[in-house]
Amino acid sequence: MESLQHLLLLTSLLLVAGGGIGFIPQVVGADQEEVSIVHYQPEQVHLAFGESVLDMVVTWNTRDNTNESICEFGIEGLQRLAKAPQGPTAFVDGGPKKATQYIHRVTLTNLEPNSTYRYHCGSQLGWSATYWFRTQFSHSDWSPSLAIYGDMGVVNAASLPALQRETQRGMYDAVIHVGDFAYDMCNENGEVGDEFMRQVETVAAYVPYMVCVGNHEEKYNFSNYRARFNMPGETDSLWYSFDLGPVHFVSFSTEVYYFLNYGVKLLTKQFDWLERDLAQANLPENRAKRPWIITYGHRPMYCSDEKEYDCDGKLETYIRQGLPLIKWFGLEDLFYKHGVDVEIFAHEHFYTRLWPIYDFKVHNGSVQQPYTNPKAPIHIITGSAGCKEEREPFSNDLPAWNAFHSNDYGYTRLKAHNGTHLHFEQVSDDKDGDIVDSFWVIKDNHGSYGL
């Protein structure tokens, strides 16, 4: 036991002399063989937009409390410093072990546009590696590129290698993960969530990783999702919006329609917020500045076949029509009224592009050019990034609104070229990155379709 004490003491002294302490092994008793390990090293680093695209929120975890949360950052070097006023927040997982870790959040404000920043995060007890990110323009006259997908787990994360490689090559200005993470973040007392956040760090530490909640986050009242992610606004990341180039993006929770055991208040609050946010975005002066409105939520509004468990046999969903019986708080009329251009979903483990649709009717721009000046929103389902539940087959009898479908593993790319042209691509992992679907959305005028 004495030699073990000497070894641990020497290790601690060497770590201190090195200028940073990743962890300090401590002997808890002279007559015991038990060793307590204290972990101060930052991990699971990820970014999100703050209240503007020139504010960046850096989030990371430590196993033990460092009592401070610091980011050093800058363009030429790490000359600027930002701290969280209150330090880290303890998060206790709801599983039987009640495992505790500490969530750190620091906002980097007043960043220069169109600039590459280097940063690292941590405390005087331990620092992360140095990462980088590129800021965007706060105005609308530029062309952002995004990767979009849902339903990616720790096991069988088919799209992750390509996303890691392309992020490191600077292909994306942001990533949108449309719900269902890790499968599931709460599993193994939160350890599956930890492993997922480590895996996506090579993406999420370099570009804003914008998210929405899915059904696989429900456990313990969505506590892992609420604690781990920090989106704009003060709504536990359940609903929010942000502007990027010519697009106003709106994230919302489809789960408030299904997990009513947590109360109806979240549903009504979200609906009221959506109504205000979309009305503001649809004002003529705002549509002139940012013509496109794109929403994303986890469960689709329209089903691709009658076998999907969210449907009632009539290809109907609560998201579209509202709560059962009373039919209140449905989103289709709201989105149609305020001229939403594109609606993105996941949940089903395949890719589907729909024709422009409202009230079960196709409203193409024309027979020859269905996505040029369409007369209703366009829906995309992109839930095939890969998870342990694998892919889902399609029915032999698909509804008339299905324009294209694929159950290859893959993800979606969006480039918002300007106020009149959007371009979408579906990348197939099964086919080594081949593009299996590609289409333009062209609109000369934006605004309400009716109602």
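**Figure 1. Asp359 and Lys361 meet through their side chains.** The side chains of Asp359 and Lys361 form a salt bridge, with 3.7 Å from N to O. This view, like the others here, comes from a predicted model. Is each partner buried, partly exposed or exposed? Asp359 counts as partly exposed because its relative accessibility is 33%. Lys361 is partly exposed as well, with a relative accessible area of 48%. The pair is also part of something wider: salt bridges that share partners join Asp359 and Lys361 with Arg320 and Glu332 into one network.

**Figure 2. Arg320 and Glu332 pair up in the same network.** Here, look for the salt bridge between Arg320 and Glu332, whose closest N and O atoms are 2.5 Å apart. Which parts of the chain does the pair link? Arg320 sits in helix 8 (residues 318-321) and Glu332 in helix 9 (residues 332-337), so the pair connects distant parts of the chain, with their positions 12 residues apart. Arg320 is buried, and Glu332 is buried too.

**Figure 3. Arg198 and Glu195 form a salt bridge within one helix.** Side chains of opposite charge can pair when their charged atoms come close. In this view the partners are Arg198 and Glu195, and their closest N and O atoms lie 3.2 Å apart. Why are these two residues about one helical turn apart? Both belong to helix 3 (residues 191-199), and they are separated by about one turn because they are 3 residues apart there. Arg198 has a relative accessible area of 33%, so Arg198 is partly exposed. Glu195 is partly exposed too, at 30% relative accessibility. If you would like to place this pair in context, the structure holds 18 salt bridges.

**Figure 4. His379 is buried among its neighbours.** You can find His379 in strand 24, which covers residues 378-382. With a relative accessible area of 2%, His379 is buried. Which side chain does the side chain of His379 meet in a polar contact? The partner is the side chain of Glu343, at 3.4 Å. Leaving aside residues up to four places away in sequence, His379 touches several others, including Met301, Tyr302, Phe345 and Thr352. Arg353, Leu354 and Ile357 are also among the residues that His379 touches.

**Figure 5. Two arginines lie over tyrosine rings.** In one close-up, the charged end of Arg299 sits over the ring of Tyr258, 3.9 Å from the ring centre. In the other, Arg391 lies over the face of Tyr409, and the distance to the ring centre is 3.9 Å.

**Figure 6. Aromatic residues gather in a cluster.** Which residues form this aromatic cluster? Its members are Phe73, Tyr117, Tyr119, Tyr131, Trp132, Phe133 and Tyr206. A pair of aromatic rings is described by the distance of the centres and the angle of the planes. Across the structure, the count comes to 31 aromatic pairs.

**Figure 7. The whole chain gives the close-ups their setting.** Stepping back, you will see a chain with 9 helices and 28 strands. Of its 451 residues, 57% are buried. Among contacts with a separation of 6 or more, 69% involve residues 24 or more positions apart. The accessible surface of the chain is about 18,500 Å², and 50% of that surface belongs to carbon and sulfur atoms.

Methods
Residues are numbered from 1 along each chain as its sequence is written. This is a predicted model: local features need pLDDT of at least 70, side-chain atom pairs count only at pLDDT 80 or more; totals for chains, interfaces and linings use all residues. Side-chain values use heavy atoms; hydrogens and water are left out. Rings of Phe, Tyr and Trp (its six-membered ring) pair if their centres lie within 6.5 Å; planes under 30 degrees apart count as stacked, over 60 as edge-to-face and the rest as tilted. A charge sits over a ring if NZ of Lys or CZ of Arg is within 6 Å of the ring centre and within 35 degrees of the ring normal. A salt bridge is a side-chain nitrogen of Lys or Arg within 4 Å of a carboxyl oxygen of Asp or Glu. Helices (H or I, at least four residues) and strands (E, at least two) are DSSP runs, numbered from the N terminus. Buried means under 20% relative accessible area, exposed over 50%, partly exposed in between (1.4 Å probe, protein chains only). A polar contact is a pair of N or O atoms within 3.5 Å; within protein, one must be able to donate a hydrogen and the other to accept it, and residues adjacent in sequence count only if both atoms are side-chain atoms. Contact means heavy atoms within 4.5 Å. Accessible areas come from the Shrake-Rupley method with a 1.4 Å probe; for residues, only the protein chains shown count as cover.
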